[in-house]
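Hi,

Here is the structure I promised to send over. Have a look at it first, and then read on for what turned up when I went through it.

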Amino acid sequence: MLSTLGVMLTTGITGLLIYVLSTYTRLDICLTLPMSMLLAATVSSTDSASVFSLLRSGGIGLKHNLRPLLELESGSNDPMAYMLTVALVGMIVSADEFSGMDLATKIVGQLAVGGLLGYLGGLALVRIVNRINLPNASLYPVLMLSCILIIFTFTDLLKGNGYLAVYVAGLVVGNNRLSYRRETNTFFQGITWLLQIVMFLTLGLLADPSDMVDVLLASVAIGLFMMFVARPLSVFICLQPFHVSRNAKMFLSWVGLRGAVPIIFATYPVIAGIEDANFLFNVVFVITLLSMSLQGMTITRAARWLGLATDEPKADNEFGVEFPEELGSSLTEQTLTEYDLTGGNRLSDMHFPKGTLVMMVKRAGSFIVPNGQLELQKGDILLVVHSK
């Protein structure tokens, strides 16, 4: 709801404000209704990566499953914003009259084709990776990347949304057992950082600070309206049928950060040669900076003030050990308490379930390979292997 209807509501409400400001105020905007909607569409998606980075740096997590909710919304609202942006650019370039029905038809078609092909492509990708026998483990991430490009291109050729297809395929792959998952994750983490660096360098080369001054007043007005009116309205309307607390809705309203994606979408009108496209790019750039500065600096405080903050769960174990999924075993950690040691302080005195093995013990920063006669202490952390 948030990534589909929420994006459309944010676009519609903000677009109408921009058109009103352009028509009835002295602000130097001068945009038509389609151009106003295009400007709103480019900044309608949110950036959860920024949210989680800020929360992680503050050492806090979120209650009530807000983290997966934000992850899903942010991952799936970019395709929606992309479709709105591309559809509006096409209408403006072809000089067609603005038609809500045509826009809705294109959106539904792209969502349906992109979602279906992404799901089928994800299943096919899991089957290919798990069944193919490559001579080198390093080739599996390359195979994965090649398949992603094929899924995107094939979906785009069939008039579907390639971004949505890749996102859905990623969800399917991530929720299935996959050969050489660890190598693949490491590879894509490096690719992700490289592309983020290239992206921000490119955006920095496109931005001219002197041009930002001319659009500063209009950009701040639009940005503040989105933060305090458009985003909260869309969140409360979309989540009305669901059992979401008022504080959670308020937090979701405030964490609608704008990141690099809106700035990238703002380059589409520039590439298409639309009049006033540079104005749109500069406005989006300032709105993004305003959002990251104002909302970004207050996210952790907002989470604590609304009573939604909790301890950030650890992503990895204390030992830095991982098992390939093919082994069919899992790793857990257990911190010993006085109660655990009441039956004896040796490892052989502890009663573990069948199929369980203590691999290692961490004590005061040092690691011990245990045997049955090892004397355990309160606060020791055990690395335990469970066979499935």
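Cys30 counts as exposed, because its relative accessibility is 56%. Bear in mind that this is a predicted model. Cys30 sits in the loop that joins H1 and H2. Leaving out residues up to four places away in sequence, Cys30 touches Ser22 and Asp276. Asp102, on the other hand, is 72 residues from Cys30 in sequence, and their C-alpha atoms are 25 Å apart in space.

Now to the helices on either side of that loop, starting with H1. Two packed helices are described by the angle between their axes and the distance between the axes. Helix H1 (residues 2-24) packs against helix H4 (residues 66-93) at an angle of about 55°, and the two axes are 8 Å apart. H1 and H4 are therefore oblique to each other, and their crossing is right-handed. On the H1 side, the residues that meet H4 are Leu2, Ser3, Thr4, Val7, Met8 and Thr11. Their partners in H4 are Leu69, Glu73, Ser76, Asn77, Met80, Ala81 and Leu84.

H1 also packs against helix H10 (residues 216-238), here at about 145° and with the axes 9 Å apart. The crossing of H1 and H10 is right-handed. From H1, the contact is made by Leu2, Leu5, Gly6, Leu9, Thr10, Ile13, Thr14, Leu17, Ile18 and Leu21. From H10 come Ile222, Phe225, Met226, Ala230, Leu233, Ser234, Val235, Ile237 and Cys238. Leu2 of H1 is thus in the contact with H4 and in the contact with H10.

On the other side of the loop, H2 packs with H13. The axes of H2 and H13 come within 10 Å and cross at roughly 35°, and H2 passes H13 in a right-handed crossing. The residues making this contact are Met35, Leu38, Leu39 and Thr42 in H2, together with Leu280, Val283 and Val284 in H13.

H2 and H13 come up again around H12. Which residues of helix H12 (residues 260-272) are buried? They are Ala260, Pro262, Ile263, Phe265, Ala266, Thr267 and Pro269. What covers them includes helix H2 (33-42), H4, helix H8 (181-206) and helix H13 (277-294). Just after H12, the backbone at Gly273 has a positive phi of about 75°.

One residue you may want to look at with charges in mind is Lys249, which is placed in helix H11 (residues 246-254). Lys249 is buried but has no salt bridge. The nearest side chain of opposite charge to Lys249 is Glu73, 14 Å away; Glu73 is one of the H4 residues that meet H1. Apart from neighbours within four places in sequence, Lys249 is in contact with Val235, Phe236, Leu239, Gln240 and Val244. Among these, Val235 also belongs to the H10 side of the contact with H1.

That leads to the charged pairs. Side chains of opposite charge can pair when their charged atoms come close. How many salt bridges does a search of the whole structure find? There are four, and here are some of them.

Glu338 forms a salt bridge with Lys378, with the closest N and O atoms 3.6 Å apart. This pair links distant parts of the chain, 40 residues apart: Glu338 is in the loop between strand S3 (329-335) and strand S4 (356-363), and Lys378 is in the loop between strand S5 (366-368) and strand S6 (381-387). Glu338 counts as exposed because its relative accessibility is 57%, and Lys378 counts as exposed because its value is 58%.

Arg346 pairs with Glu375, the closest N and O atoms being 3.4 Å apart. Arg346 lies in the loop between S3 and S4 and Glu375 in the loop between S5 and S6, so this salt bridge ties together parts that are 29 residues apart in sequence. Arg346 is partly exposed, at a relative accessible area of 28%, and Glu375 counts as partly exposed at 43%.

Arg363 and Asp380 meet in a salt bridge of 2.8 Å, N to O. Here Arg363 in strand S4 is linked to Asp380 in the loop between S5 and S6, 17 residues away. Are these two buried or exposed? Both Arg363 and Asp380 are buried.

Best wishes

How values were computed: Residues are numbered from 1 along each chain as its sequence is written. This is a predicted model: local features need pLDDT of at least 70, side-chain atom pairs count only at pLDDT 80 or more; totals for chains, interfaces and linings use all residues. Side-chain values use heavy atoms; hydrogens and water are left out. Helices (H or I, at least four residues) and strands (E, at least two) are DSSP runs, numbered from the N terminus. Buried means under 20% relative accessible area, exposed over 50%, partly exposed in between (1.4 Å probe, protein chains only). Lys and Arg count as positive and Asp and Glu as negative; His and the chain ends are not counted. Contact means heavy atoms within 4.5 Å. Axes are lines fitted to C-alpha atoms, for helices over the stretch in contact, and angles run from 0 to 180 degrees between N-to-C directions. Angles under 35 degrees count as roughly parallel, over 145 as roughly antiparallel, 65 to 115 as roughly perpendicular and the rest as oblique. A crossing is left-handed if the near helix is turned anticlockwise from the far one by less than a right angle, and right-handed if clockwise.
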